[in-house]
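User: I'd like a close look at a single part of this one, please. Pick a stretch, walk me through what surrounds it, and then work outward from there.

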Amino acid sequence: MQLRCGMESHLCTNPHELYYQRTRSERMEKKDVTEHNYLKKKLRVCVATCNRADYSKLAPIMCGIKSHPDDFELEVMVLGSHLIDDYGNTFRLIEQDGFEIGSKLHTIVRGEDEAAMVESVGLALVKLPDVLQRLHPDILVVHGDRFDALALATAAALMNIRILHVEGGEVSGTIDDSIRHAISKLAHYHACCTPRAEQYLIAMCEDHSRILLAGCPSYDKLLSTYHKDNYMDVIKSWLGDTVQKHDYIVALQHPVTTDIQHSIKIYGLMLDALLSFNKKTLILFPNIDAGSKEMVRVMRKKGIEQHPNFRAVKHIPFEQFIQLVCHAGCMIGNSSCGVREAGAFGTAVVNLGTRQTGRETGENVIHVRDADTHNKIYHALELQFGKRYPCGKIYGDGNAVTRILKFLRTIDLDEPLQKTFCFPPVKDSFSQDIDHILETQSALAVDLGGTNLRVAIVCMKGKILKKYTQPNPKTFEDRMQLILKMCFEAMWEAVRLNCRILGVGVSTGGRVNPQEGVVLHSTKLIQEWSTIDLRTPISDAMHLPVWVDNDGNCAALAEKKFGHGKGVENFVTIITGTGIGGGIIHHSELVHGSTFCAAELGHIMVSLEGPECSCGSRGCIEAYASGMALQREAKRLHDEDLLKVEGMDMKLSEPVTAAHLITAASLGNPKADAILNKACTALGVGIINILHIVNPSLVILSGVLASYYQNPVQHIVHGRALLSAQSIKVVTSDLEDPALLGAASMVLDYTTRRTY
């Protein structure tokens, strides 16, 4: 027979030439135990079996352990469906095989639904501690992916008993995967079947030195028993005297507990296809999982048990079952036997549904994942029935038990019981590290100036990581469109810089209601910018929180978080730029006032008959000391040909600015010097008024004119303020861009709520 010859050739292959015999010497050297240590203490091994399927995998291991009494003591624990009459009382087969059962645990709660499975796990967990304490094994051997096995592994792990998990690392596409992987995480040692399963266990961070690539233990038995000469006697005993080899079907379908209704549907369609196919069929009852009761009802409703073409059975001894699968014309269903053991014989298989999705299969398997009628299944049977495929060796070569026993001998019981995981190298997470927070948590800062519109990414440390500048459009629509465009551009850049944007802060001129995010009245520098809701359109577009405040207030917030005001409870910031603005920090809080104009410091009046101010009044600080006021005076002197002095380099095409006035004064121009003295006096007097009203401990000058004004203003304060205020320092800001930093500080302070 061609099949037999092919398999005999396979069996004669030198096992050292098979991939299952990949050298493990490097790993074994680390855990090598001398013969002296072997003889020191027998390893007490408890093998726990829950059902007919796992017993077929565990029985060869049990035989191997029993045959080496000098090395091992075998204890056998039986639980689960082994002890249920409806499932064949299969514990008797264990006893017939010559094994003494040390403990029998009735752990199944009948009901065959999801709740019954959970209750069965709970019942097992209640009963197992007493048994494990009595047996006191060194190693507990558990198999596979059953809920009973999960209870075993859980109890053993909690009781500090070492666990060897057989057939971990595999994937089958159902709840079994979750249970199997959970058992793997509880287990201390692993005996897996395929190189892929080994790699999956390694990927699950299991210690490679504790993983044995053994092959499937059932192959040790099936490869040595499948070709017995009495196979026709076995076939006839189960299917009748008229049945010939390769002319019958073996059917075995189990419920998929994560999709019970689909399981029942596929089961019914399989039965319809088998009825139509009209071949002798040996059909096994489904296992005890949730949904099995409904599947049995479907089988009985269709009269399968009474149909002459069918033989429905609850259990078949493993050696006989192997003969039946080996010589079948086809196997159908979703049992793992179809994708594992059947491949060793080249038996054609039709795998139904999703229960074995992810399993490694040979070319002998075709899949019917879903079907609305039985026609698709029937067609699959037509394609497969009677075919013979090359014998596969995906799951084993017949030498698994030898490897497992050798592996058990290497276990050092003096090693720490606590298992360790081999996590792959990863970049350390600094999510709660202050340096990481300061570097990555950032804000988008927007500054609406009279000339330019600026957007910046500002990190928690106050560093401006990226800044964008565009001319400020004249109309509201164009301005809003440009703000959003620049913000989105900055957001993309933030992703590249690995910055987490927490929100948007907007600094703008004029009177602002920060509670509503509305600009109430703007300055003449920003036209069409009154009663404008800035918060809503930006927040809606960016999906981020938005804060809005006056640019002077923002400058004060910037100093409070990043500048001279850090840790100062009461101080005042004054911006000396195109206009004059500022902010007041009192008891560490920004002062807004009842109508949000408490910090309009540039419009403190220092003269009743002074020059006209941009606010419409006269004699304001801004009318004397702002950049615009100095530029106005510089132009007047230039028009009167009184600005330029000897040594002053000034091109004819160059626009006249406040800088020319300062240069002229430094070169001895008396007119320019008088104007600047008046500006310094106006600013100094205004600051004295602030000192007498708010009594801050520090004055911070900010803006392009700050360095020029600092010494004169400090001198005026020292000479003209009340004695109690004369010692208050006037300093120049060190911040790169107070308006942007202040806008960012609103975001960084309000979103993090942390103090560093």
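Analyst: What follows starts at one strand and then moves on to the parts around it and further away.

A word on the ground rules: this is a predicted model, so local features need pLDDT of at least 70 and side-chain atom pairs count only at pLDDT 80 or more, while totals for chains, interfaces and linings use all residues. Residues are numbered from 1 along each chain as its sequence is written, and side-chain values use heavy atoms, with hydrogens and water left out.

Let's take strand β17, residues 500-508. (Strands are DSSP runs of E, at least two residues, and helices are runs of H or I, at least four, numbered from the N terminus.) Eight of its nine residues are buried, so β17 is largely enclosed by the rest of the structure. Buried here is under 20% relative accessible area, exposed is over 50%, and partly exposed is in between, using a 1.4 Å probe and protein chains only.

What does β17 pair with? Pairing needs at least two DSSP bridges between two strands. Strand β14 (residues 441-448) runs parallel to β17, with seven bridges. Strand β21 (residues 546-550) is also a parallel partner of β17, over five bridges. S507 is a handy residue to click on: D447 has S507 as its bridge partner in β17, and S507 also stands opposite D549 in β21.

From S507 you can step to D551, which sits in helix α22 (residues 551-562). Setting aside neighbours within four places in sequence, D551 is in contact (heavy atoms within 4.5 Å) with S507, T508, G509 and I575. At 26% relative accessibility, D551 counts as partly exposed. UniProt, in an unreviewed entry, lists D551 under "binding site", together with R511, T523, E600, H603 and E622. Those positions are in the numbering used here, feature names are shortened, and annotations may be inferred rather than shown by experiment.

Another residue of that UniProt list, H603, lies in the loop between β24 (589-590) and α23 (621-625). H603 is partly exposed too, at 25% relative accessible area. Not counting residues up to four places away in sequence, H603 touches C613, S614, C615, C620 and E622, and E622 is itself on the UniProt list.

Those cysteines bring up disulfides, meaning pairs of cysteine sulfur atoms within 2.5 Å. How many does the structure hold? Zero. C459 is in no disulfide, and the nearest cysteine sulfur, that of C499, is 7.2 Å away. C459 counts as buried, at 4% relative accessibility. For C597, the closest cysteine sulfur is in C615 at 11 Å, too far for a bond. C597 is partly exposed at 38% relative accessibility.

Back to the ends of β17. The loop between α20 (476-496) and β17 holds N498, which has a positive phi of about 60° although it is not a glycine. With a relative accessible area of 54%, N498 is exposed.

Now for a small sheet. Strands β18, β19 and β20 form an open sheet of three, in that order, with antiparallel pairing. Its edge strands are β18 (511-513) and β20 (532-533), each pairing on one side only. β18 and strand β19 (residues 518-521) run antiparallel and are joined by three bridges. V512 has V519 as its bridge partner in β19.

Further off in sequence, there is the nonpolar packing. A nonpolar core is a set of buried Ala, Val, Leu, Ile, Met, Phe, Trp, Tyr and Cys residues joined through side-chain atoms within 4.5 Å. The largest one has 62 residues, and M77, L128, L152, M270, I283, I332 and L381 have the most contacts inside it. Helix α12 (residues 260-277) gives the largest share of this core, ten residues. Apart from it lies another core, of 40 residues, among them C680, I690, L705 and A706.

After α12, in the loop between α12 and β9, comes N278. N278 is another non-glycine residue with a positive phi, near 60°, and it is exposed at 51% relative accessible area.

Finally, D289 is in the loop between β9 (280-284) and α13 (292-301). At 2% relative accessibility, D289 counts as buried. Leaving out neighbours within four places in sequence, D289 is in contact with E112, M117, R146, F147, P255 and T257.
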